[in-house]
Amino acid sequence: GARELRRLKSEEKTSVNRRNSLGKMRFRKECTLLAVACVLQISCGCTDSSPVPVPRVLEGLLSQRHASARSAFLSSPTVRCHVPARFSSSVPAARQPTLVKPRVAVLRASVGMSSSYSASHALCAEELAAGPPTIDISPLLEPGASVSKDEVVNKISKAAAKWGFFQVLGHGVPEDNIHAFDQAVERFFDQDKDYKYAIKRNAQNSRGYFDDELTKQTRDWKEAVDIGAQDGSLDARSSVDGFNQWPAGDALFRSDTEKYFKNMESLSRSLCQALALGLGEDAKYFDGLFDKHTSYLRINHYPPCPNPVASDFPLHSPNAETEGYLAINRHTDAGVLTVLRQKHSEPHSLQVFISNDIDKDHESRDGQWITVRPEPRAFTINIADMMQVYSNDRYVAPLHRVLANRDNVRYSAPFFLNPPYAADVEPLSTLGKPVYDKLNWGQYRRRRFEGDFADVGKEVQIADYRN
């Protein structure tokens, strides 16, 4: 009888241990699934008003069986900032955060990503279909606006991280200056080749007219003229970019272009202040870039092309004889950011490449092309290489290209905000372990221009400076 009693007690203990073990395993699985559900919500940038469909089994995880453990999980710093409200009803009010952490940081913590990961590629299907967002930035320029400045900064920061592209309205650039500049551009390109070749650029001077630029060692289907600042002045000269050349006999071209250039400087400063705030810095953090900046305005004319590639042409460079032409081959912009003038009424030819592989060189990425459709009266903004370095990959400089068009003419005018030649660019010290070595802008700019002017092999990229 005693032996039988010991046997029964032993079996009962074994059974209890087995049930406890199974319960722990089930609970671990449930916690894992719950974490996956939260990450799905976070990665798509969705809120309670636009939830990701979650399988019913995940909803069942929110039962009261593990209320205390679930509460601790949901109120942890990793999850609590972005978990949907319907998942967090059991989180004690005292544990709710007063400051929301950046979505990118939450994603990294949730799934163990490195600090160099950018959330630019965690885009929902609806976001991809809609394209890069359009943001009214007037609160940045008008104190007391109905929408808060913080809300605009958040939108810009999110777009810079998710897309690297966005459009801006309420930018403060006078319509009459935009119209006068557009007219000056068309007048210039209506002239004959001899007139334009009088200010043609060369290997010693990057400023002036050209119709023979290479992008990724491939000839572009365009003609253009570059006008820029050397040490902050349109009248100066430099050993890196040379000096400006102005077309003869058109005083309005110069005056209207100079006014437009100054407006682009002012808009770029406002955008840089918003981007600095989005990185947790003072608004004036990047103001020093403007003291002796080397920005330039590129005025493009894209004539009709008899053999353009299709809009879904893949990433690689086309063979012109067998595949056709691009107006501009894939590339990232070298500087800090770009402010683009493009017209809603002309072909929608600009495309951005959405990819998870921002840490790879341009030739090795996987992703898809998305057309950036210009809004009337908006400027199109994109992040460039130096801002990606400054932000330690928080903001992404996306690959983009321009399609040629068989039937219609297109004009565009990107303003490239560039640092002083002497500037050494490196990640902000507040953004964790740097993923880039320090680089000098003047050297980087010179190497990039050499690749534009002649085939010098593989184009310099910020990926070359990853540590």
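**Notebook: rings, a helix and cavities**

I started with the rings: searching the whole structure turned up 16 aromatic pairs. Note to self: this is a predicted model. I then looked for a cluster and found one, with ring pairs joining Phe188, Phe189, Tyr195, Tyr197, Tyr209, Trp246, Phe253 and Tyr411.

Next I checked for charges over rings. Arg201 puts its charged end over the ring of Phe210, 3.7 Å from the centre. I also noted Arg237, which lies over the face of Phe243 at 4.0 Å from the ring centre.

Phe188 and Phe189 from the cluster sent me to helix H8, which covers residues 175-189. I count 15 residues there, and the helix reaches 22 Å from first C-alpha to last, close to the expected 21 Å. Which H8 residues are buried? I get Asn177, Ile178, Ala180, Phe181, Asp182, Ala184, Val185, Phe188 and Phe189. So much for the helix.

Last stop, cavities. I searched the whole structure and got seven of 30 Å³ or more. The largest has a volume of about 390 Å³. I listed 30 residues lining this largest cavity, and the closest to its centre are Arg298, His331, Asp333, His400 and Phe416. Which elements give two or more residues to that lining? I have strands S7 (296-302), S8 (326-331), S9 (337-342), S13 (400-403) and S14 (410-417), plus helix H12 (441-453). I sorted the lining by class too: 11 nonpolar, 10 polar and nine charged residues.

Definitions and conventions
Residues numbered from 1 in each chain as written. Predicted model: local features only at pLDDT ≥ 70, side-chain atom pairs only at ≥ 80, totals over all residues. Heavy atoms only, no water. Phe/Tyr/Trp six-rings, centres within 6.5 Å; stacked < 30°, edge-to-face > 60°. Lys NZ or Arg CZ within 6 Å of the ring centre and 35° of its normal. Helix = DSSP H or I, 4+ residues; strand = E, 2+ residues; numbered from the N terminus. Expected span 1.5 Å × (residues − 1). Buried < 20%, exposed > 50% of the residue type's maximum accessible area, 1.4 Å probe, protein only. 1 Å grid on protein atoms, 1.4 Å probe; cavity = no way out; pocket = protein on both sides within 12 Å on 5 of 7 lines; lining within 4 Å. Points joined across faces, edges and corners; volume = space filled by probe spheres on them. Nonpolar A, V, L, I, M, F, W, Y, C, P; charged D, E, K, R; others polar.
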